[in-house]
Amino acid sequence: MVLSVDFRVRNTDERGIYYEESQRAIVYLPMHESLDDIYKTINHEVYHHCFAQWDEVKMDEDQEEYLIFQLAWAHLSLE
């Protein structure tokens with residue numbers, strides 16, 4: 001299925017959130033310092049969507065967050 005990404009300007013404690021049921025991500029713009037920071041949050045939520053669509057692998061939220069962290073910093077390991 002297709003991921004829908006919405007942007008909100010209201011303040012919240014979240015930078016972004018993914019809803020598996022509706023395959024929708026919301027990015028809260030006031031929680032970001034730069035456009036690059038917004039891109040990183042979009043990537044983070046896209047990873048959640050991809051993992052949810054991957055039927056062969058089941059992960060809990062902690063495992064997903066750890067893998068996303070590793071993916072975000074992988075370029076440093078490859079240098």
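# A tour of the predicted model

Start with the whole chain: 3 helices and 3 strands make up the protein. This is a predicted model. Walk from the N terminus and the elements come in the order β-β-β-α-α-α. The C-alpha trace spans about 35 × 35 × 20 Å along its principal axes. Of the 79 residues, 24% count as buried.

Next, colour by confidence. The average pLDDT is 92, and 99% of the residues score at least 70. Look for the two extremes. Helix α3, residues 74-78, has the lowest confidence, with a mean of 80. Strand β3, residues 24-28, has the highest, at 97.

**Stop 1: the strands**

Select β3 and show its neighbours. How many of its residues are buried? The count is 4 of 5, so β3 is mostly covered. Two strands pair with β3, and they do so in opposite senses. β1 pairs with β3 in the parallel sense, over 5 bridges. β2 runs antiparallel to β3, joined by 4 bridges.

Now pick single bridge partners. Select S4: its partner in β3 is R24. Then select Y18, which stands opposite A25 in β3.

Stay on β2 and turn on the side chains. In a regular strand, side chains alternate between the two faces of the sheet. Which residues of β2 point to the buried face? G16 and Y18 do, and both are buried. I17 and Y19 point to the other face and are not buried.

Follow the chain out of β2 into β3. The two strands form a hairpin, with 4 residues between them. Select Q23 in the turn: its phi is positive, about 50°.

**Stop 2: a loop residue**

Go back along the chain to D13. This residue sits in the loop between β1 (4-8) and β2. Is D13 buried or exposed? Its relative accessible area is 77%, over the 50% cut-off, so D13 counts as exposed. Add M31 to the selection and draw the C-alpha distance. D13 and M31 are 18 residues apart along the chain, yet their C-alpha atoms are separated by 7.7 Å.

**Stop 3: the aromatic pairs**

A pair of aromatic rings is described by the distance of the centres and the angle of the planes. The model has 2 aromatic pairs. Select Y47 and F51 for the stacked pair: 6.3 Å centre to centre, with 15° between the planes. Why are these two residues about one helical turn apart? Because they lie 4 residues apart in helix α1. Their exposure differs in class. Y47 is partly exposed, at 29% relative accessibility. F51 is buried, at 11%, because buried means under 20%.

Move on to F69 and W73. This pair is tilted, with 6.4 Å between centres and 45° between the planes. F69 has a relative accessible area of 49% and counts as partly exposed. W73 is partly exposed too, at 47%.

**Stop 4: the largest pocket**

Rolling a probe the size of a water molecule over the atoms shows where empty space is left. Show the largest pocket as a surface. About 860 Å³ of space lies in it. Which elements give two or more residues to its lining? They are β2 (16-19), α1 (35-53) and α2 (61-72). Helix α1 gives the most, with 10 residues.

Now select the full lining, which has 30 residues. Label H44, E45, H48, E65 and I68, which lie nearest the pocket's centre. Then colour the lining by class. There are 13 nonpolar, 6 polar and 11 charged residues.

**Before you close the viewer**

Keep three selections. Save β3, paired in parallel with β1 and antiparallel with β2. Save the stacked pair Y47 and F51. Save the lining of the largest pocket, to which α1 gives 10 residues.

Conventions. Residues numbered from 1 in each chain as written. Heavy atoms only, no water. 1 Å grid on protein atoms, 1.4 Å probe; cavity = no way out; pocket = protein on both sides within 12 Å on 5 of 7 lines; lining within 4 Å. Points joined across faces, edges and corners; volume = space filled by probe spheres on them. Nonpolar A, V, L, I, M, F, W, Y, C, P; charged D, E, K, R; others polar. Phe/Tyr/Trp six-rings, centres within 6.5 Å; stacked < 30°, edge-to-face > 60°. Buried < 20%, exposed > 50% of the residue type's maximum accessible area, 1.4 Å probe, protein only. pLDDT = per-residue confidence, 0-100. Pairing = 2+ DSSP bridges.
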